[in-house]
Amino acid sequence: MRVWIVFLLCLAGKALTAPAEEEPVVEEASRSVCVCVCVCVCVCDLEVGTNPVQVETGEFDEAIEVVEDVVAENPCLNHHCKKGKVCEVDDSNTPMCVCQDPSTCPTSAGEFEHVCGTDNKTYDSSCHFFASKCALEGTKKGHKLHLDYIGPCKYIAPCLDNELSEFPLRMRDWLKNVLVTLYERDEDHNLLTEKQKLKVKKIYENEKRLQAGEHSLDLLAHDFEKNYNMYIFPVHWQFGQLDQHPVDGYLSHTELAPLRAPLIPMEHCTTRFFEQCDADADKYIALEEWATCFGIKEQDIDKDLIF
Ligand SMILES: *[C@@H]1O[C@H](CO)[C@@H](O)[C@H](O)[C@H]1NC(C)=O
Ligand SMILES: [Ca+2]
Ligand SMILES: [Ca+2]
């Protein structure tokens, strides 16, 4: 039995201005300082049948929004630093991003906030991880260090060849069920665009659709053969969800992280799967590579399905 979680990593910067007393406007410039960096990690149940992980947008190497509000002209105001860094002004009042001291990271609330680095070292939180990575900037070690997965480091069994071929069977079925679930719940939220909803509607209303549930690999394989067309859009959709920084038709390690990181502790073939997805080994997964990995036929790979 796998565990199904939703991992949302929300990084939000907030500038809190001093309470606005009824002061004369001339005193506006002498406001007090308040800096607030907020990192929240939430793990909750999405109840998507028997499917692994739903990951909202959010990117592991993305800029953390750090906003300081000192005076109106504070150069750090709206000066964004990437994760692991904070903004400071130098002597000439120029804003710059400097490595965050890990001890200034919020103390983590529990094991579920721990992350495991590619150095197989457990960090208290992603904040601690990125601050530590920043301290290694410019070194080979720092360049190679990535956030590997969510949770403390643990033994991950090697992925055997036969297990590797099972991974896309479950993942495809899961992607389809995630979309159907988003569709069902989309009445007041805007989880899907109108165009996406039209696509999912066809899948949702198809009575041949395999319902969410724990299915044998044989059944999943059989369904993929029989209802192949239902899987084409979900595979493209997930690619579009991840290809955001930048939107260029390629997934970097960082772009893949929101999907990979929560999945690895549950699906031990994740790392190997995405490695072999990168068929030309250029460190990026192109749409063609991605879709091929999920068994989509060449003639059905279509960048216009990403919207
Ligand atoms: C990583 O660390 C965990 C926990 O300390 C250990 O069980 C595991 O064997 C390590 N993995 C590797 C590849 O060294
Ligand atoms: Ca990209
Ligand atoms: Ca590639």
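Which side chains does a polar contact of 3.1 Å join? In this predicted model, the partners are lysine 85 and glutamate 137. Lysine 85 belongs to strand E7, which spans residues 85-89. The relative accessibility of lysine 85 is 14%, so this residue counts as buried.

Two helices are largely covered. Helix H1 runs over residues 126-135. Eight of its ten residues are buried, so H1 is largely enclosed by the rest of the structure. The buried set comprises Ser126, Cys127, His128, Phe129, Phe130, Ala131, Lys133 and Cys134. Helix H7 covers residues 253-263 and is mostly covered, with ten of its eleven residues buried. Among them are the charged side chains of Glu255 and Arg260. Leu256, Leu259 and Leu263 are also buried in H7, as are Pro258 and Pro262.

A calcium ion, ligand 3, is bound by protein donors at 2.2 to 2.6 Å. Asp278, Asp280 and Asp282 each supply an OD atom. Tyr284 contributes its O atom, and Glu289 appears twice, through OE atoms. Along the chain, the donors follow the spacing D-x1-D-x1-D-x1-Y-x4-E. The six donor atoms subtend angles of 53 to 154°, which makes the arrangement irregular. Octahedral geometry would require opposite donors over 155 degrees apart. Aspartate 282, one of the donors, is partly exposed, with a relative accessible area of 31%.

Ligand 1 is surrounded by Asn120, Cys153, Lys154 and Tyr155. The protein covers 36% of the 370 Å² of accessible area that ligand 1 has on its own. By class, this shell holds two nonpolar residues, one polar and one charged. An oxygen atom of ligand 1 lies 2.6 Å from an N or O atom in the side chain of asparagine 120.

Backbone geometry shows some departures from the usual pattern. Most residues other than glycine have a negative phi, and most peptide bonds are trans. Asparagine 78 has a positive phi of about 65°. Its place is the loop between strand E5 (68-69) and strand E6 (81-82). Asparagine 78 is exposed, at a relative accessible area of 56%. Asparagine 93 likewise has a positive phi, near 65°. This residue sits in the loop between E7 and strand E8 (95-99). With 45% relative accessibility, asparagine 93 counts as partly exposed. A cis peptide bond, with omega about 0°, joins histidine 245 and proline 246. Proline 246 is in the loop between helix H6 (229-242) and strand E12 (250-251).

Conventions:
Residues numbered from 1 in each chain as written. Chains lettered and ligands numbered in written order. Predicted model: local features only at pLDDT ≥ 70, side-chain atom pairs only at ≥ 80, totals over all residues. Heavy atoms only, no water. Buried < 20%, exposed > 50% of the residue type's maximum accessible area, 1.4 Å probe, protein only. Helix = DSSP H or I, 4+ residues; strand = E, 2+ residues; numbered from the N terminus. Near = heavy atom within 4 Å. Polar contact = N/O pair within 3.5 Å; in protein donor to acceptor, adjacent residues only side chain to side chain. Areas by Shrake-Rupley, 256 points an atom, 1.4 Å probe, with all protein chains shown as cover. Donors = N, O, S within 2.8 Å, 3.2 Å for Na, K, Ca; no water. Tetrahedral: all angles 85-135°; square planar, octahedral: opposite > 155°, others 65-115°.
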